[in-house]
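I opened my notebook for this one with a few things to look up. Here are my entries, in the order I made them.

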Amino acid sequence: MSVENVVYIGSKPVMNYCLAVLTSLKDEGSRVTLKARGRAISTAVDVAEVTRRRFMENLTVENIEIGTEELESLEGRMRNVSTMTIVLKK
């Protein structure tokens, strides 16, 4: 049974997520997945690029998936939220 390395991107600073990616790659294996929704998508792209260019030059982008999820807003209405998944491989 394989352990999946997933880093969920939110509103924290980019460097916090870079550290999480580096830690996941060091401990668990050679692949990590970044998952983001809505406004956090740009942060996920920043995390992938900063990690690749500053810390691990041998890190490559294996796959990028985009999609849409339907979520219920606070008012009770359904709304579409964009999603992105980036798979990084050592």
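My notes run from confidence to fold to surface.

**Confidence.** I began by reminding myself that this is a predicted model. For the protein chain I noted a mean pLDDT of 91, with 93% of the residues at 70 or more. Where is confidence lowest, and where is it highest? I found the low end in helix α1 (residues 14–27), at a mean of 91, and the high end in helix α2 (residues 41–55), at 96. I also kept a general caution in the margin: coordinates should not be read in detail where pLDDT is low.

**Fold.** Next I looked up the secondary structure and wrote down two helices and four strands. Going along the sequence, I read their order as β-α-β-α-β-β. I then looked at the C-alpha atoms, which fill a box of roughly 45 × 30 × 20 Å along the principal axes. For contacts between residues at least 6 apart in sequence, I recorded that 65% join residues at least 24 apart.

**Burial and surface.** The protein chain has 90 residues, and I noted that 32% of them count as buried. Its exposed area came to about 6300 Å², with carbon and sulfur atoms supplying 47% of that.

**A nonpolar patch.** Which residues form a nonpolar patch on the surface? I found V61, I64 and I66, which together have about 290 Å² of accessible area. I followed up on V61 and placed it in strand β3 (residues 60–72). V61 has a relative accessible area of 32%, so I entered it as partly exposed. That value is also over the 30% that patch residues need.

Note on methods
Residues are numbered from 1 along each chain as its sequence is written. This is a predicted model: local features need pLDDT of at least 70, side-chain atom pairs count only at pLDDT 80 or more; totals for chains, interfaces and linings use all residues. Side-chain values use heavy atoms; hydrogens and water are left out. pLDDT is the predictor's confidence in each residue, from 0 to 100. Patches are made of residues with over 30% relative accessible area and no salt bridge: like charges are joined within 9 Å, nonpolar side chains (Val, Leu, Ile, Met, Phe, Trp, Tyr) within 5 Å. Accessible areas come from the Shrake-Rupley method with a 1.4 Å probe; for residues, only the protein chains shown count as cover. A salt bridge is a side-chain nitrogen of Lys or Arg within 4 Å of a carboxyl oxygen of Asp or Glu. Buried means under 20% relative accessible area, exposed over 50%, partly exposed in between (1.4 Å probe, protein chains only). Contact means heavy atoms within 4.5 Å.
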